[in-house]
Amino acid sequence: MEHTAGSKKFLPNPVLLQDEELHKYILETSVYPREPEPLKELREATAELPNAFFGTAPDAGQLMAVLLKLVNAKKTIEVGVFTGYSLLLTALTIPDDGKIMAIDRNRKTYEIGLPIIQKAGVEYKIDYIESPALPVLDNLLGEPKNEGDFDFAFVDADKDNYWNYHERPLCQKMLGLMKLVKIGGIVMYDNTLWGGAVAKPEDAVPEAKRELRRATIEFNKSVSADPRVEISHASVGDGIIICRRIC
């Protein structure tokens, strides 16, 4: 999750799979036994942080790895890095000559995971850019050669900008991941169920979560109506929307 500056207080979202024993069973049976050792080490290092819930859920990461392989991803974008669990997962999954453009405004959290990434021998695949994401995406589309040049994108950043990351008008042009990812490529958005808050009346949601709940609801509606993508909305982790660009 991309770091957001200011005094906003973030509250962890509950696990959507309410049966904790069943969730534990899934993790211990299907996820943790297949989790590469560097990812386990990074997950455990992240767990020591007070905002550890910003990290990618390991079961969502497992699905992400399968999707990366299904599209033979070689060139990817990651918007929001935090300590780098999903970034390391991508680096371990793509080919040796693959590249990841990773964008986050807070390098400090990335440096928590960086020694583990370096030890895993995959740092050379990563182009880390310390910046808000929108200017970087806009600059990429300033060069026509970058249109449709990426195979996969993962977004786990500020929820009120999700639609801007997907697509936004600027100077009579449409910019965003829908221009950068190739036809047949995938964009994966994390935290799209916002701890289940999207399905609750607003007055039943803590006030600190209401603004981003509204932004998430609007994004989910908009992306579900986008005719250029096939989508799957899954209740893995805190909810993910998988978009496959078809035109």
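Which residue in S7 is the bridge partner of valine 155? I opened my notebook with that one, and I found that the partner is tyrosine 189. A reminder to myself before going on: this is a predicted model.

**Entry 1: around strand S7**

I stayed with tyrosine 189 and looked for a partner in another strand. Tyrosine 189 stands opposite isoleucine 241 in S9. So much for single residues; next I looked up the strands themselves. Strand S4, residues 150-155, pairs with S7 in the parallel sense, and I noted 5 bridges for that pair. S7 also pairs with strand S9, residues 240-245, but here the sense is antiparallel, again over 5 bridges.

Is S7 mostly covered or mostly open? I looked up its residues, 181-190, and 7 of the 10 are buried, which makes the strand mostly covered.

**Entry 2: the whole sheet**

Next I wanted the full strand order. I found an open sheet of 7 strands, running S3-S2-S1-S4-S7-S9-S8, and its pairing is mixed. Which strands stand at the edges? They are S3 (126-130) and S8 (229-234). Each has a single partner strand, so one side of each is left without a neighbour in the sheet. I also looked up how neighbouring strands of this sheet are turned against each other: the average is 15 degrees, with direction ignored.

Then I picked one more pair to follow. S1 (residues 75-79) and S2 (residues 99-104) run parallel, and 5 bridges join them. For isoleucine 77, I wrote down methionine 101 in S2 as the bridge partner.

**Entry 3: the chain as a whole**

I stepped back for an overview. The protein chain has 9 helices and 9 strands. Why can I call the chain as compact as a globular protein of its length? Its radius of gyration is 17 Å, close to the 18 Å that the globule rule gives for 247 residues, so the description fits. I added the box that the C-alpha atoms fill, roughly 50 × 45 × 35 Å along the principal axes. As for burial, 49% of the 247 residues count as buried.

**Entry 4: one glutamine**

I chose glutamine 118 for a closer look and found it in helix H5, residues 107-119. Its relative accessible area is 40%, and I noted it as partly exposed. The cut-offs explain that label: buried means under 20% and exposed means over 50%, with partly exposed in between. I also checked glutamine 118 against proline 38. The two are 80 residues apart in sequence, and their C-alpha atoms are 9.9 Å apart in space.

**Entry 5: empty spaces**

How many cavities of 30 Å³ or more does a search of the whole structure find? I got 1. The largest cavity has a volume of about 50 Å³. Of the 14 residues that line it, the closest to its centre are Gly55, Thr56, Val81, Phe82 and Ser86. I sorted the lining of this cavity by type: 6 nonpolar, 6 polar and 2 charged.

My last stop was the second largest pocket, with a volume of about 280 Å³. It is lined by 15 residues, and Arg34, Pro36, Gln62, Ala65 and Leu89 are the closest to its centre. Two elements give two or more residues to this lining, helix H3 (58-70) and helix H4 (85-93). H3 provides the largest share, 6 residues. By type, I listed the lining of the second largest pocket as 9 nonpolar, 3 polar and 3 charged.

Note on methods: Residues are numbered from 1 along each chain as its sequence is written. This is a predicted model: local features need pLDDT of at least 70, side-chain atom pairs count only at pLDDT 80 or more; totals for chains, interfaces and linings use all residues. Side-chain values use heavy atoms; hydrogens and water are left out. On a 1 Å grid over the protein atoms alone, a cavity is a set of points where a 1.4 Å probe fits but cannot get out, and a pocket is an open set with protein on both sides within 12 Å along at least five of seven lines; lining residues have an atom within 4 Å of a point. Grid points are joined across faces, edges and corners, and a volume is the space filled by probe spheres set on the points. Ala, Val, Leu, Ile, Met, Phe, Trp, Tyr, Cys and Pro count as nonpolar, Asp, Glu, Lys and Arg as charged, and the others, Gly among them, as polar. Helices (H or I, at least four residues) and strands (E, at least two) are DSSP runs, numbered from the N terminus. Two strands pair if DSSP finds at least two bridges between them. Axes are lines fitted to C-alpha atoms, for helices over the stretch in contact, and angles run from 0 to 180 degrees between N-to-C directions. The radius of gyration is taken over C-alpha atoms; the globule rule is 2.2 Å times the number of residues to the power 0.38. Buried means under 20% relative accessible area, exposed over 50%, partly exposed in between (1.4 Å probe, protein chains only).
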